[in-house]
Amino acid sequence: MSAFPAKSQSRASILAALADARASDLTADGRAFAFIYDAGQETRDLAREAYAACMSINGLDPTAYPSARTLERALVSACLELMRSPEGAVGTATAGGTESVMLAVKAARDHARKTRPEVTRPKMLLPITAHACFHKAAHYLGVEVITVEVDDTFRAKLGDARAKMTSDVILVVGSAPSYAHGVVDPIEGLASLAKEHATLMHVDACVGGLVLPFLRDAQVSGVTVPAFDFTVDGVTSISMDLHKYGFAPKGSSMLLMRDRALREAHYFACATWTGYTIVNSTTLGSKSLAAAGAALAVMQHLGREGYVQLAKTMWEATSTLLRTIESRPELRLLARPDMNLFAFTTRGGDLFELADRLTARGWHVQPTYGFGPSPAHVHLTIDPSNAPHAQAFASDLEACLVDLPEGVAPPAEVLAMLESVASAPAGAGVDVGSLIASLGIVDGQLPSRSAPLHRILDAASPALREKLVVLFVGGLFA
Ligand SMILES: Cc1ncc(COP(=O)(O)O)c(C=O)c1O
């Protein structure tokens, strides 16, 4: 695509260039076990039409665009119903899980500023397994993270949370479930601890909010959905993403609050400038209702029945994969998941070589590095598009285990060189291009055999990993 064309281009050539740009993207062809949440062609087509129909609705001002109010109210009430919310609970449509979480943290911080002015250094009790976006929220909002340890099933340890509770904790967090391991934290225990200390409790159901209620309704054997919603006393807010298992296009999530005062704590109003007085419910100002409109359309199209059926299908596929993994002495499931996403690793075999072998067979999986108690692993997210391929994936996984070599450490000198980059003072000249090239990354593409790169990143300190990914992404957009 040319940078800034001097003259108008034809519609056909513009659309062809867009199609061309997308040619190497992941698609919902059933081979991807990460990123994709897809309920099939019919749902996708409807979502596309609804998206286009709602594209020009501007949520900046729901009085100028009453449809923004109508759509958001409909989405909020559907989500409130799913989370079995009490009278008086309210919600806000957001652009994604990260935004929902950031607003939940902002609400907790600002609510504390009002109601607990003695708290000068707000803290958040956060299980080590909670999504990185809580760290982002903490970083942006000046809230300190107090890490809560997890047990050997990767669920938050209540004893540790209790031991670390102090009078300046403004928020306790639990996941339903955590992304990496797919397990639900002990929400009842965490919420009761929060209540006992008169503080707030957020349940991050970004990935589970549109699955767990339906899995509960489906009553399939092998799953007991733990309590996680507003029926749990002490839960004050819940985030749930419509653009994951709601099967809506990206740009749609929901933040629910047990009462209005909490919601007001994440609103932002400003009259101290020369333009119009603003009030924003979310971080964005002008915002399209396209994704929210599509989310609502998909919800109407599938209905409870559709979601229950999909939850069953995804759980059956998950069971197939869990059976295979648990039957193989070379593999280890990190934890029995509470829904259809989970993590497994090898017992000595080279995990990253295994991931490369799966890639070579046309599968997209998510190799994940070790951190704290969680070893390096392969993460799988099951959705309706890959569920019918679970058996084929399981067979390929078994084939990839044949003659799998033992894991090897990365070259020590490369790691030492990289660590010295991470500890270099800010502004010290780093030749990003050759650094990235030395890792085998060319033109933004990971090498087809990524094991050597993954071994280095897995062995690297978190600080080095962070530095390298920042350099890498900066390089991508140079
Ligand atoms: C549990 C959980 N919380 C939050 C998020 C962040 O969501 P998003 O990527 O939509 O910002 C994710 C994303 O995977 C998640 O799994």
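I take two residues to be in contact if their C-beta atoms, placed from the backbone, lie within 7 Å. The model I am reading is predicted, so I keep in mind that local features need pLDDT of at least 70 and side-chain atom pairs count only at pLDDT 80 or more, while totals for chains, interfaces and linings use all residues. I number residues from 1 along each chain as its sequence is written.

**Domains.** I looked up the domain assignment, whose bounds come from an automatic or database source, and it gives domain 1 (49-296), domain 2 (304-400) and domain 3 (412-476). Between domain 1 and domain 2, I find 24 residues of the former in contact with 20 residues of the latter. On the domain 1 side I note 18 nonpolar residues, five polar and one charged, where Ala, Val, Leu, Ile, Met, Phe, Trp, Tyr, Cys and Pro count as nonpolar, Asp, Glu, Lys and Arg as charged, and the others, Gly among them, as polar.

**Sheet.** I traced an open sheet of seven strands with mixed pairing, in the order β1-β7-β6-β5-β4-β2-β3; strands are DSSP runs of E with at least two residues, helices runs of H or I with at least four, both numbered from the N terminus, and two strands pair if DSSP finds at least two bridges between them. Because β1 (90-94) and β3 (144-148) stand at the edges with a single partner strand each, one side of each is left without a neighbour in the sheet. I then followed β2 (residues 123-127), which runs parallel to β3 and is joined to it by five bridges, with Pro127 opposite Val148 in β3.

**Leu284.** I located Leu284 in the loop between β9 (278-280) and α10 (290-327).
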